[in-house]
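Please read the account below with the sequence and the coordinates open side by side. It goes from the whole chain to single residues.

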Amino acid sequence: MSEYSRPHQVNPEWPPPPVYAPPAPAHKRTRGPARLLVAVAIVAAAVGGTTAYGVQELTGGSGSGVAASSATETDVVPASMKGTVAGVAKSVSPSIVEIKAASSSGSATGSGVIVTEDGEVVTNNHVVAGASQIQVRTHDGKTYSARVVGTDSSKDLALIKLEDASGLKAATLGDSEGVQVGDQVVAIGSPEGLTGTVTSGIVSALDRDVTVSKDESQGQQQWQRGGGWPFEYGGQEFNGDTGGSTTTYKAIQTDASLNPGNSGGALIDMNGNIIGINSAMYAPSGAESSTAGSVGLGFAIPVNTVKADLPDLRAGATN
């Protein structure tokens, strides 16, 4: 018998092998659920806002037909740039346009917000009131002719439509009901014709009663002089005479710098949602219209007012 075929003999002096005892499974049973519980908590935190918004959507009964996106729950800005002015500017600037409106009495420059990919743009009524020709310049430098679709002078809003436009980046309309005093905001527009100018600040106050002129000829003349849009607040008139025909709306006050040409542009939250349409600025009493500039007192029409008015504007309202 060869050495390799002999039966294996156990040396009696060797100690017996240890008895195998499988580890108690209790520890494994607790680790799995614990990890799962942590994962569930993280997921719940991530979708909590979305869930709350979904419930609000399902229980809403307004029937207005206008989509209600949220100013605090829709993230337009990439996560890597979230909460930064640079992130808001990069994400939203392609949705802001410069508007040049010509009339028999001269020309005016303002701003607008793209709301559909095929070229619907919301702006102030006083930017396009009485215009016989409208030219719109988009963020990428393209120029379009535009026509007025509908106006609402009582809210100082207008809807214009770019001709032969497609593939534009529509802005996300937020929820101005969620805006709070102290919230950081960004304004984008074309002050003094400087296309795509970005400024930032905070929400200074809410529900300010701002009275603006409905007299389009007077408004155009004031706008051409570079004094901003004439408006009244607290019984006093600023930036020029408001005339006999006026309208009053509740405005968001901001200290983000606004200047002539910002009218119709966007006031934006730090998630990249439009929360207002910039519409008026304060100029100190006695200031020359040509030297009037931002003093940190600007006013914007709440975006919820805009959303409620869009169906009528699209239907061709001429209020």
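The paragraphs that follow treat the chain as a whole, then its barrel, a buried strand and its partners, the nonpolar cores and one threonine.

The model is a predicted one. Its chain holds five helices and 14 strands. Of the 319 residues, 42% are buried. The accessible surface of the chain is about 16,200 Å², and carbon and sulfur atoms account for 53% of that area. Among contacts with a separation of 6 or more, 68% are between residues 24 or more positions apart.

The barrel comes next. Strands of a sheet pair through backbone hydrogen bonds, in either a parallel or an antiparallel sense. Here six strands close into a barrel, and their pairing is antiparallel. Going round, the order is β1-β2-β3-β6-β5-β4. With direction ignored, neighbouring strands of this sheet are turned by 40° against each other on average. One of the pairings joins strand β1, residues 96-103, to strand β4, residues 133-137, over five bridges. Within that pairing, Ile99 has Val136 of β4 as its bridge partner. Helix α5, residues 303-314, lies across three strands: β3 (120-123), β5 (143-152) and β6 (157-162). The helix runs at about 55° to β6.

Outside this barrel description, strand β13 is a useful second reference. How many of the residues of β13 are buried? Eight of the eight are, so the strand is largely enclosed by the rest of the structure. β13 pairs with β12 in the antiparallel sense over three bridges, and Ile268 stands opposite Ile274 of β13. The hairpin of β12 and β13 has four residues between the strands, and Gly272 in this hairpin takes a positive phi near 95°. β13 also pairs with strand β14, residues 298-302, antiparallel over five bridges. In β14, Gly298 stands opposite Met281.

Helix α2 links these regions through its contacts. Spanning residues 85-92, α2 has Gly87, Val88, Ala89, Ser91 and Val92 as its buried residues. The elements that cover them include β1, β7 (184-189), β8 (197-213), β12 (266-269) and β13 (274-281).

Now the nonpolar interior. The largest nonpolar core has 30 residues, and Val122 and Ile274 have the most contacts inside it. Helix α5 gives the most to this core, with four residues. A second, separate core has 15 residues, among them Val97, Val121, Leu162 and Ala165. Leaving aside residues up to four places away in sequence, which residues does Val122 touch? They are Gly112, Val113, Val115, Leu157, Ala158, Leu159, Gly264, Ile277, Val306 and Leu310. Val306 and Leu310 fall within the range of α5, and Ile277 within that of β13.

The last stop is Thr199, which is in strand β8. Is Thr199 buried or exposed? Its relative accessibility is 18%, so Thr199 counts as buried, the limit being under 20%. The side chain of Thr199 reaches the backbone oxygen of Ser257 at 2.9 Å. Apart from residues up to four places away in sequence, Thr199 touches Val185, Val186, Ala187, Ala256 and Ser257. Of these, Val185, Val186 and Ala187 lie in the range given for β7.

Technical notes:
Residues are numbered from 1 along each chain as its sequence is written. This is a predicted model: local features need pLDDT of at least 70, side-chain atom pairs count only at pLDDT 80 or more; totals for chains, interfaces and linings use all residues. Side-chain values use heavy atoms; hydrogens and water are left out. Two strands pair if DSSP finds at least two bridges between them. Helices (H or I, at least four residues) and strands (E, at least two) are DSSP runs, numbered from the N terminus. Axes are lines fitted to C-alpha atoms, for helices over the stretch in contact, and angles run from 0 to 180 degrees between N-to-C directions. Contact means heavy atoms within 4.5 Å. Buried means under 20% relative accessible area, exposed over 50%, partly exposed in between (1.4 Å probe, protein chains only). A nonpolar core is a set of buried Ala, Val, Leu, Ile, Met, Phe, Trp, Tyr and Cys residues joined through side-chain atoms within 4.5 Å. Accessible areas come from the Shrake-Rupley method with a 1.4 Å probe; for residues, only the protein chains shown count as cover. A polar contact is a pair of N or O atoms within 3.5 Å; within protein, one must be able to donate a hydrogen and the other to accept it, and residues adjacent in sequence count only if both atoms are side-chain atoms.
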